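Biologist: Hi, could you walk me through this one before I get back to the bench?

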Amino acid sequence: KRLVIVTTDRGEVAKGSAEIFFRKVKFWKEDGQEEAPPVFNVDGVNYFHVKVVGLLFVATTRVNVSPSLVLELLQRIARVIKDYLGVLSEDSLRKNFVLVYELLDEVIDFGYMQTTSTEVLKSYIFNEPIVVDAARLQPLGPAAIFMQGTKRMPGTAITKSVVANEPGGRKREEIFVDIIEKISVTFSSSGYILTSEIDGTIQMKSYLTGNPEIRLALNEDLSIGRGGESANDYRSSYGSGAVILDDCNFHESVRLDSFDMDRTLALVPPDGEFPVMNYRMTQEFKPPFHINCLIEEAGHLKAEVILKVRAEFPSNITANTVVLEMPLPKYTTRASFELEPGVTGQRTDFKGANKKLEWDLEKFVGGVEHTLRAKLTFSQELHANIIKEAGPVSMTFTIPMYNVSRLQVKYLQIAKKSSSYNPYRWVRYVTQANSYVARI
Amino acid sequence: MAPPAQSQRSPSPSQPSGKSEVSDLKLQLRQLAGSRAPGVDDSKRELFKKVISYMTIGIDVSSLFGEMVMCSATSDIVLKKMCYLYVGNYAKVNPDLALLTINFLQRDCRDEDPMIRGLALRSLCSLRVANLVEYLVGPLGSGLKDSNSYVRMVAVMGVLKLYHISASTCIDADFPSILKHLMLHDSDTQVVANCLSALQEIWSAEASTSEEASREREALISKPVIYYLLNRIKEFCEWAQCLVLELVTKYVPSDSSEIFDIMNLLEDRLQHANGAVVLATIRVFLQLTLSMTDVHQQVYERIKAPLLTLVSSGSPEQSYAVLSHLHLLVMRAPYVFSSDYKHFYCQYNEPSYVKRLKLEMLTAVANESNTYEIVTELCEYAANVDIPIARESIRAVGKIALQQYDVNAIVDRLLQFLEMEKDYVTAEALVLVKDLLRKYPQWSHDCIAVVGNISSKNVQEPKAKAALIWMLGEYSQDMQDAPYVLESLVENWDEEHSAENLSCEDKKRLLSQLIQLSAVRLHLLTAVMKCFFKRPPETQSALGAALAAGIADFHQDVHDRALFYYRILRYNVSVAERVVNPPKQAVSVFADTQSSEIKDRIFDEFNSLSVLYQKKPGFFWCVTQIIKESRLTDIHKYLQPSYMFTDKEHRGPLEFADELGNLSIGEAANNVVPTQMVEENDKDLLLTTSEKEETKVSRNNGSAYSVPYDGSSTSVFASQTQIELAVSNPTLAGHSPQASFAIDDLLGLGIPAAPAVPSPPQLKLNTKAALDPSTFQQKWRQLPVALSQEISVSPQGVAALTAPQALLRHMQSHSIHCIASGGQSPNFKFFFFAQKFEESSNYLVECVINTSSAKTQVKIKADDQNTSQDFSTLFESALSKFGTS
């Protein structure tokens with residue numbers, strides 16, 4: 001399901017480019033194995049596209065422009081549209097296409113960027129969004145986990161349009177700060193960590209009227225830059241408690257006047273969703289899951305896989321949508337699974353087409369270990385070592401209210417004179433797997 | 001009861017056929033047009049929305065034009081906006097209708113509400129109807145003076161639109177100078193930014209015909225303008241910042257303190273969350289410091305962390321764009337990134353195009369200290385489910401092996417690949433082992449033991465097969481059953497003919513298959529010969545069969561080589577041996593796929609699409625021109641948006657995209673290539689590809705040994721073949737070797753024993769040349785690069801470089817003087833100069849020697865461009881003697 005809104009702003013690119021684009025993206029390589037890169041050139045027209053929640057946003061030009069500029073712009077357009085519509089989906093775009101055209105007209109004029117600030121755009125945009133029901137929608141992005149399952153969070157907030165009023169006509173004063181960390185870990189076959197990285201974002205979405213100034217205080221012992229030492233040297237600093245970022249960058253509204261002294265970020269948050277700060281960390285951290293995989297030949301044309309996963313976080317925390325995947329030897333014809341007796345909310349599958357084992361766990365409570373046994377049957381003798389034919393095990397998960405870097409928002413201060421003014425503040429943490437791989 | 005049959009099937013509401021709905025809408029709009037009833041605007045909105053939704057799904061609603069315009073006589077801004085959208089869409093195709101709108105748009109341009117003024121002005125300028133331009137000038141003029149910045153912002157872009165509809169109207173109204181004034185005085189930064197965009201475009205386009213415009217274009221990058229913009233940079237929105245930064249890249253500071261001022265001012269832009277701003281800043285830094293080696297180096301160190309953060313923080317698309325730039329930098333200065341190799345490890349869920357970039361980076365940054373870990377990681381990918389990536393990982397291991405001196409560990413890994421028993425792994429590994437043996441013959445013993453165990457039946461890919469055959473021939477004395485394996489391969493000579501029977505539509509693919517096939521056969525011929533010299537009795541029958549099959553082969557090259565072997569064997573066996581299997585010198589460096597000149601050119605285009613495509617800018621742009629021009633006569637339409645490229649279009653030879661089939665046009669005088677030429681090249685398509693393949697194949701298998709033949713004599717050979725075919729089993733083993741015979745006399749061919757050293761040309765240098773450092777610096781900055789190339793350094797030269805002073809003395813003995821040097825192992829950098837004998841014409845050289853890859857990047861600048869080639873040859877010859885004398 002894809003939807004594109006194409007505006008031929010300069011009339012440079014001939015009509016029919018949309019069809020060319022789709023054909024090219026769909027049939028990038030004959031075998032369908034590879035996906036099209038985000039930028040390609042057909043007959044002198046450069047096509048840029050970004051994928052956001054299953055939607056493609058496309059731009060075309062004939063000029064040798066900066067690719068980052070265009071891709072960043074497309075991403076930003078998607079975000080602005082989301083700010084306005086509350087949710088980004090094919091349905092919401094269809095219902096609001098006039099508004100979307102209106103937005104695009106103000107964002108780009110004759111191929112030149114005018115503004116992508118939701119704040120600024122507000123004064124030029126007059127159509128009101130038709131809000132679609134968020135409950136029926138697929139989760140969008142990392143922060144979306146807050147709206148399903150757990151009742152901890154006010155579900156509708158994150159899908160609220162920046163311009164739409166609450167039923168009752170009054171806007172609720174609130175601000176959301178999400179600390180989202182995507183982690184990448186590679187374990188060697190003997191269980192050691194080969195590489196690890198945390199890519200974090202402090203994301204903000206403000207619904208405060210009057211744009212008051214905000215102060216965000218981070219860990220006092222936070223330090224940036226790993227002066228002198230190699231970026232992948234883990235020995236130092238582990239366990240000392242200090243949070244050491246390799247590098248970070250900030251949204252342009254952030255003022256760093258007192259950052260060096262007390263690790264405080266000051267900003268007047270513009271309307272809409274935006275990243276206050278992106279950071280990257282290679283300091284060693286405790287991986288949330290420990291994976292152990294054993295694969296053994298068990299007689300003629302047979303083998304057994306034992307997959308053990310242990311959650312290394314506290315028991316008051318629960319990970320959800322946990323999925324483990326493992327490629328099996330290519331001659332595997334059948335796999336029969338055996339879960340622990342009495343467990344619920346787990347599902348196993350053998351994907352015959354690409355010879356993959358899949359293990360889904362709806363919930364994974366901290367401190368618990370789960371085991372999966374799989375008996376494999378092969379159609380012919382394996383030539384080589386069975387270990388070379390299978391693996392690695394890869395894992396995806398989401399852990400709400402947990403972050404591995406220990407970076408914290410100590411307090412969120414809203415500067416406003418009135419003492420009765422006390423808006424809702426939501427500071428939320430979430431950890432997600434980016435690439436979590438155990439070799440066998 | 002059944003519903004009454006409808007006389008007309010009404011189309012489903014979701015898929016309106018058009019006609020009836022449109023006339024329906026027309027009626028409803030007409031009713032509302034005059035109405036002043038309360039709530040009428042809401043009903044209008046609904047109708048307008050419907051009209052626009054039809055418009056966007058491609059139903060022609062242009063017949064509603066009149067009604068739409070009538071309904072827009074309202075103060076409701078939402079309605080107005082929708083109407084503008086509608087009008088903008090249909091005005092261009094219906095100029096007559098557009099005229100209808102002029103009146104109400106002009107009136108709206110004078111509205112009280114600045115929003116309406118701005119919107120109306122934008123719509124007015126977007127009509128793009130040439131005969132309406134007279135109506136634009138007035139509203140634009142007042143728009144530029146409007147008190148509201150939104151209106152001014154729109155008006156500035158309106159001027160640019162006007163320029164594209166009618167340049168003369170725009171210039172005559174003196175709009176550019178108004179924009180110039182606004183750019184330097186307006187309080188709103190977006191107005192300033194739009195002025196800058198518009199002026200850049202207008203003056204660049206005018207510069208070719210007007211001297212004044214070209215002066216004005218220069219003035220944009222003058223110190224006052226640049227400083228004015230730089231000092232306000234933080235007030236601009238992020239996109240406008242990119243615009244300003246791009247302009248700064250073109251600015252040439254007068255001295256180094258100015259450079260540092262600019263860099264300090266922009267330093268915090270590197271911490272911006274917007275990747276486009278960061279990359280634009282990096283480009284400024286890199287450009288500014290090009291001639292300051294040390295600072296340039298520091299810049300690399302400084303930008304590393306921000307780039308890595310951008311790679312990991314953005315969306316996959318953004319991170320790909322940044323990674324491509326990182327790739328470029330890594331390729332230019334691998335040593336700067338050698339400790340960051342872990343960042344280039346592939347993640348299992350990354351798309352192939354990202355993995356490919358990372359593999360190349362891993363290959364580039366491998367050095368003594370990290371090779372072991374990198375190779376271990378690459379070996380993990382070899383078992384990857386993604387087969388193309390697995391193959392490339394293995395090739396990467398091979399490349400690392402070829403660029404290192406200490407290859408012990410790597411050889412073991414490669415040999416393990418051979419034992420993995422995955423056919424594609426074996427195939428790739430065989431090719432690598434062959435290359436490795438050509439560079440490090442000392443490993444033959446270990447490798448041959450493993451290669452000997454591989455059944456030739458399991459090797460099907462032509463490249464791998466050729467590699468195996470080469471090894472069988474080269475090491476036939478160490479591989480016990482080499483003669484028999486070769487014999488069985490000869491017996492199956494025709495086996496691969498099946499490939500020919502494939503009814504392959506694609507000529508190109510068929511051709512490349514045939515070429516690969518003939519390459520295997522050429523190898524087989526040579527291998528059987530080599531084997532024969534070492535083990536004559538066992539190989540004799542195989543040789544006879546091979547020569548017979550070869551002479552009968554349909555492929556000209558195979559036929560010729562077989563015949564040549566046959567004749568030379570008849571002539572004298574020992575001569576044959578010296579021709580076919582002379583003592584070899586190990587290959588020190590394999591040719592690079594991409595010349596450093598292209599890399600430099602791409603670097604100049606940092607932060608552009610050139611980096612992503614890894615092609616120089618002329619490439620994708622010119623392709624367009626040619627295609628378009630051969631297909632369409634409407635040239636100016638496509639030339640118009642090319643403003644950013646106007647100075648680059650004429651750069652060098654044109655190259656076609658790969659999809660177009662590897663055909664290349666040599667030098668095109670200009671980028672307007674007539675249709676006919678394209679067609680001609682189309683015909684040449686097959687030939688060109690085959691030739692390319694050919695040269696590649698022969699280089700791969702070691703052209704130093706294969707015997708070239710004189711093309712003109714082939715026809716003579718061919719006519720004689722038929723007769724001589726009868727003698728298919730030459731009994732030659734009895735011939736006594738006659739070593740005294742000089743091979744050179746045989747066919748007038750010389751076989752180079754060592755890489756040819758070009759003889760010094762007729763250029764005399766002044767032995768007592770003198771140049772002071774500041775003059776050198778100044779010249780270096782002013783002169784263009786005359787020549788840029790990569791030279792290999794002999795191992796002796798590398799060894800002698802442990803003391804760089806030795807090189808300076810050596811070059812001085814060739815009248816080439818050093819003015820500055822620096823660096824540490826493995827990278828040394830030297831600046832040399834030389835002067836023409838009895839003339840004050842200077843040559844300046846930048847020479848970067850990498851001792852681990854044994855390569856030298858040389859850039860030559862010269863006062864007298866005409867002699868730079870001669871000087872380059874002289875320089876290369878001098879350098880090649882270093883360490884040997």
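Modeller: Sure, here is a chat about confidence, the interface, salt bridges and a few single residues.

Biologist: Great. What kind of model is this, and what are the ground rules?
Modeller: This is a predicted model, where local features need pLDDT of at least 70, side-chain atom pairs count only at pLDDT 80 or more, and totals for chains, interfaces and linings use all residues. Residues are numbered from 1 along each chain as its sequence is written, chains are lettered from A and ligands numbered from 1 in the order in which they are written, and side-chain values use heavy atoms, with hydrogens and water left out.

Biologist: What pLDDT does chain B average?
Modeller: Chain B averages 76, and 78% of the residues score at least 70. The pLDDT is the predictor's confidence in each residue, from 0 to 100.

Biologist: Where in chain B does the pLDDT stay under 50?
Modeller: Residues 497-505 of chain B stay under 50, and the model has 9 contacts for them beyond four places in sequence. A contact here means heavy atoms within 4.5 Å. In chain B, the pLDDT is also below 50 over residues 619-761, a stretch with 197 contacts in the model beyond near neighbours in sequence.

Biologist: And what scores does the predictor give the complex?
Modeller: The complex gets an ipTM of 0.88 and a pTM of 0.74.

Biologist: On to the interface. How many residues does each chain bring to the contact?
Modeller: Chain B brings 91 residues and chain A brings 85 residues. Between them the two chains bury about 7,600 Å², with 55% of that on carbon and sulfur atoms. Buried area is the accessible area (1.4 Å probe) that two parts lose on being put together, summed over both.

Biologist: Which three residues of chain B supply more of that area than any other three?
Modeller: Those are Trp239(B), Glu317(B) and Tyr348(B), which supply 10% of the area that chain B buries against chain A.

Biologist: How many salt bridges cross between the chains?
Modeller: The rule finds 8 across the interface of chain B and chain A, and the structure holds 54 over all chains. A salt bridge is a side-chain nitrogen of Lys or Arg within 4 Å of a carboxyl oxygen of Asp or Glu. One pair is Glu106(A) with Arg122(B), at 3.2 Å from N to O. Glu106(A) and Arg122(B) also belong to a network of salt bridges with Glu102(A), Asp109(A), Lys81(B) and Lys161(B).

Biologist: Any salt bridges inside chain B that you'd show me?
Modeller: Try Arg356(B) and Glu392(B), whose closest N and O atoms are 3.1 Å apart. This pair links distant parts of the chain, with Arg356(B) in helix H19 (residues 352-365) and Glu392(B) in helix H21 (residues 387-403), 36 residues apart. Helices (H or I, at least four residues) and strands (E, at least two) are DSSP runs, numbered from the N terminus.

Biologist: Is there another one that uses H21?
Modeller: Glu428(B) and Arg391(B) meet in a salt bridge of 2.7 Å, N to O. Glu428(B) is in helix H23 (residues 423-439) and Arg391(B) in helix H21, 37 residues apart.

Biologist: Are Glu428(B) and Arg391(B) buried or exposed?
Modeller: Both Glu428(B) and Arg391(B) are buried. Buried means under 20% relative accessible area, exposed over 50%, and partly exposed in between (1.4 Å probe, protein chains only). Arg356(B) counts as partly exposed because its relative accessibility is 22%.

Biologist: Changing topic, what about helix H31 of chain B?
Modeller: H31 (residues 573-580) is mostly covered, with 6 of its 8 residues buried. Those are Val573(B), Ser574(B), Val575(B), Ala576(B), Val579(B) and Val580(B). Asn572(B) caps the N-terminal end of H31(B), with a side-chain oxygen 2.8 Å from the backbone nitrogen of Ser574(B).

Biologist: Last one: where does Phe40(A) sit?
Modeller: Phe40(A) is in strand E1 (residues 39-42) of chain A. Phe40(A) counts as buried because its relative accessible area is 3%. Beyond its neighbours within four places in sequence, its contacts include Phe21(A), Trp28(A), Tyr47(A) and, from chain B, Tyr613(B).

Biologist: And how many helices and strands does chain A have?
Modeller: Chain A comes to 7 helices and 24 strands, and 57% of its 440 residues count as buried.

Conventions. A polar contact is a pair of N or O atoms within 3.5 Å; within protein, one must be able to donate a hydrogen and the other to accept it, and residues adjacent in sequence count only if both atoms are side-chain atoms.
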